[in-house]
Amino acid sequence: MTGRRAPLLDHAAFERNRSNAENVIDSKNLERALREKPVSTFSQRALGGLALAALLFSTIARAQGLNAEPPKAAAPNKAEAPKAETAKADAAKADAPPRAEFEAKFTYCKTCHGVSGQGFRGAYPMPRLAGQQPEYLQNQLEAFIERRRVNPVMFNVAHVLRPGMLTALAEGFRDLNPKPLGGEPRELIPAGKKIFEEGVPAANVPPCASCHGADAKGQGAMPRLAGQLYDYTTRKLTNWSKERGQDPAKPDTSQLMEPIAHGLTPQQVSEVAAYLGSLE
Amino acid sequence: MRNCTWCHGSAAQGFSSAPRIAGQQPHYLVEQLLAFKDHSRDNPTSKQYMWGATARLAPELASEFAAYFAALPAEPANDGDSALVEAGRTLYEHGAAESNVAACVVCHGPNAQGFEAIPRLGGLSYGYLKSRLAQWSEGYHASAFPMPQVATSLSPEEVDALASYLSFLR
């Protein structure tokens, strides 16, 4: 268990990785950085999380400043990407599925995630995928396969996907834009908006907007939260470190959220989830 | 009420093509009664019996019927092929990702007890479950997203296994 607790960035590691993160938030680079410099105590980890949040925020701002059309222009810079990553991306491209096969699989995703990817409530809440950041979706599908993120149903679904299909599906949801599914307790929305915009300084919780964007639409490895199902967000924040970051050998971007999820009280979790559920 | 029990049985445990409605999710029962009334549930036996039965049904009465039947104790039909139970359970809990079969459990729940407008399936009769799945892939009751899509992804053997597994669930 100690291995799981350990690594997060410190300031020196930020500096070392700054050149890689210049134009783009790349989850692979973040994960590599997370492995490089283990930090052990909780306060250091919390500090590291906040500092990384600040770095990511400035990176997002820079990326948006440099590039007029945000999501597509923020695609990984091939020239700077390490060779192995480029090779993997090329392999995924060459492995792109035939149209009919893609459509069948995409329809299959929407069986549970809603006909327009808006999410669906069954015995379990199925998250909204519409408008989600492809880089985030791809990383989550890989996390299910590698069991970094534990979810038996999604492991079954994801582990049969070839890399090309996985990439195509992650891209497929980006352009869907249905209305939020709704169902959140409306009276909690104002308090949730305040947490989203200002954080909870006393509990070391940064403003959600600093990484997820003022409109909560995410960027690169940072997921879109706008329109997410209230009950889904509540469950995920509550169970954060039981579901995510489960492979000590492969720390991932989920560590950024761990101290933040733990810093929120159950009431605050409900509030922020209600606000996000209401956002278009 | 006498009219309902004529086909569904005096304890509402179902008989022949009429399903068990005892212990069913009340929200689901209301939606189905209204779907018979507006003809969006257009399966052959629905047309034959339920369209007429619900033609003059007021929504308030539909809710009262639903609450009454939902509160009755339910007995499992136990009439599937017991040799297929394990295959059915696997399919129910895990789906079959290679052939785009979704896991039933995510909507219908771990013991197939249903949720709000999603029906309880545990203990329904083999014949009813099988004909519903078959009729979705034939195009009946097309408005019941996502079931038409789910049913078309199932092979006849998978339908047999699922209906068998569910018929034994308490």
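This dialogue goes through chain B of a predicted model and its contact with chain A.

Biologist: How many helices and strands does chain B have?

Modeller: Start with the runs of regular backbone structure. In this predicted model, chain B has nine helices and zero strands. Read from the N terminus, the elements go α-α-α-α-α-α-α-α-α.

Biologist: Which radius of gyration would a compact globule with 170 residues have, and what does chain B have?

Modeller: The rule multiplies 2.2 Å by the number of residues to the power 0.38. For 170 residues this puts a compact globule near 15 Å, and chain B has 15 Å, so the two agree. The C-alpha trace of chain B spans about 45 × 30 × 25 Å along its principal axes.

Biologist: What share of the residues of chain B count as buried?

Modeller: A residue counts as buried if 20 or more other C-beta atoms lie within 10 Å of its own. In chain B, 40% of the 170 residues count as buried.

Biologist: What percentage of contacts in chain B between residues at least 6 apart in sequence join residues at least 24 apart?

Modeller: Here one looks at separation along the sequence. Of the chain B contacts between residues at least 6 apart, 71% join residues at least 24 apart.

Biologist: How many residues does the contact take from chain B and from chain A?

Modeller: Count each side separately. Chain B gives 17 residues and chain A gives 15 residues. On the side of chain B that touches chain A, α6 (105-108) and α8 (147-152) each supply at least two residues. α6(B) gives the most to that side, with three residues.

Biologist: Into which kinds do the residues of that side of chain B divide?

Modeller: Sort them by residue type. The side of chain B that touches chain A has ten nonpolar, six polar and one charged.

Note on methods. Residues numbered from 1 in each chain as written. Chains lettered and ligands numbered in written order. Predicted model: local features only at pLDDT ≥ 70, side-chain atom pairs only at ≥ 80, totals over all residues. Helix = DSSP H or I, 4+ residues; strand = E, 2+ residues; numbered from the N terminus. Buried ≥ 20, exposed ≤ 12 C-beta atoms within 10 Å, placed from the backbone. Contact = placed C-beta atoms within 7 Å. Nonpolar A, V, L, I, M, F, W, Y, C, P; charged D, E, K, R; others polar.
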